Amino acid sequence: MVASAKLPDGPADIVWDKAACAHCRMHLGEPAFAAQLITTAGDVLLFDDPGCLFAHVAAAAPTVHATWFHDHDRDRWLPPAE
């Protein structure tokens, strides 16, 4: 029997100005606008802004485990409820 990996409970760490947006391929250089999506398969998709996240969801229809949005004013991630 193979143990399955646990899906992340929080957002993944990002290397700013190195990671590329999963939708438009632009570098993630502005933390204030970043977003990320974790699929139920455990894939972490990074986006340079929420618009790219929403466009990707509309186009690819991934099975979503969680989404996170970076706080515009502070260095922290917000779940969608906030």
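This is a short walk through one predicted model, from its sheet to its helix and then to two residues ahead of the strands.

Let's start with the sheet. Four strands make it up, and the sheet is open. Read across it and the order is β2, β1, β3, β4. The pairing is antiparallel. A quick reminder on what pairing involves. Strands of a sheet pair through backbone hydrogen bonds, either parallel or antiparallel.

Which strands sit at the edges? They are β2, residues 44–47, and β4, residues 77–78. Each of these pairs on one side only.

Now take the pairs one by one. First up, β1 and β2. They pair in the antiparallel sense, over 4 bridges. One partnership to find on your screen: Leu37 has Leu45 in β2 as its bridge partner. The two strands form a hairpin, with 4 residues between them. Look for Gly42 in that turn. Gly42 has a positive phi of about 95 degrees. Keep positive phi in mind, as we'll come back to it.

Next pair: β1 and β3. Strand β1 covers residues 35–39, and strand β3 covers residues 64–70. How many bridges join β1 to β3? There are 5, and the strands run antiparallel. Two positions help you line them up. Thr39 has Val64 in β3 as its bridge partner. Gln36 stands opposite Trp68, also in β3.

Last pair: β3 and β4. Here 2 bridges join the strands, again antiparallel. His70 stands opposite Trp77 in β4. A hairpin links β3 to β4, this time through 6 residues.

Stay on β3 for a moment. Is it enclosed or open to the outside? Of its 7 residues, 5 are buried, so β3 is largely enclosed by the rest of the structure.

Now the helix. Helix α1 spans residues 50–60. Which strands does α1 lie across? It lies across β1, β2 and β3. The helix runs at about 30 degrees to β1.

Zoom in on one residue of that helix, His56. Is His56 buried or exposed? Its relative accessibility is 15%. The cut-off for buried is under 20%, so His56 counts as buried.

What does His56 touch? Leave out residues up to four places away in sequence, and the list is His23, Leu45, Phe47, Ala61 and Pro62. Pick out Leu45, which we met as the partner of Leu37. His56 and Leu45 are 11 residues apart in sequence. In space they are 9.7 Å apart, C-alpha to C-alpha. Phe47 is also on that list, and residue 47 belongs to the edge strand β2.

Finally, back to positive phi. Gly42 was a glycine. Two more residues have positive phi without being glycines, and here they are. Asp17 has a phi of about 65 degrees. Arg25 has a phi of about 70 degrees. Where do they sit? Asp17 lies in the segment before β1. Arg25 is found in the segment before β1 too.

Are they buried or exposed? The cut-off for exposed is over 50%. Asp17 has 52% relative accessibility, so it counts as exposed. Arg25 has 57%, so it counts as exposed as well.

To recap: an open antiparallel sheet, helix α1 across β1, β2 and β3, and a buried His56 in that helix.

Conventions: Residues numbered from 1 in each chain as written. Predicted model: local features only at pLDDT ≥ 70, side-chain atom pairs only at ≥ 80, totals over all residues. Heavy atoms only, no water. Pairing = 2+ DSSP bridges. Contact = heavy atoms within 4.5 Å. Axes fitted to C-alpha atoms, helices over the stretch in contact; angles between N-to-C directions. Buried < 20%, exposed > 50% of the residue type's maximum accessible area, 1.4 Å probe, protein only.
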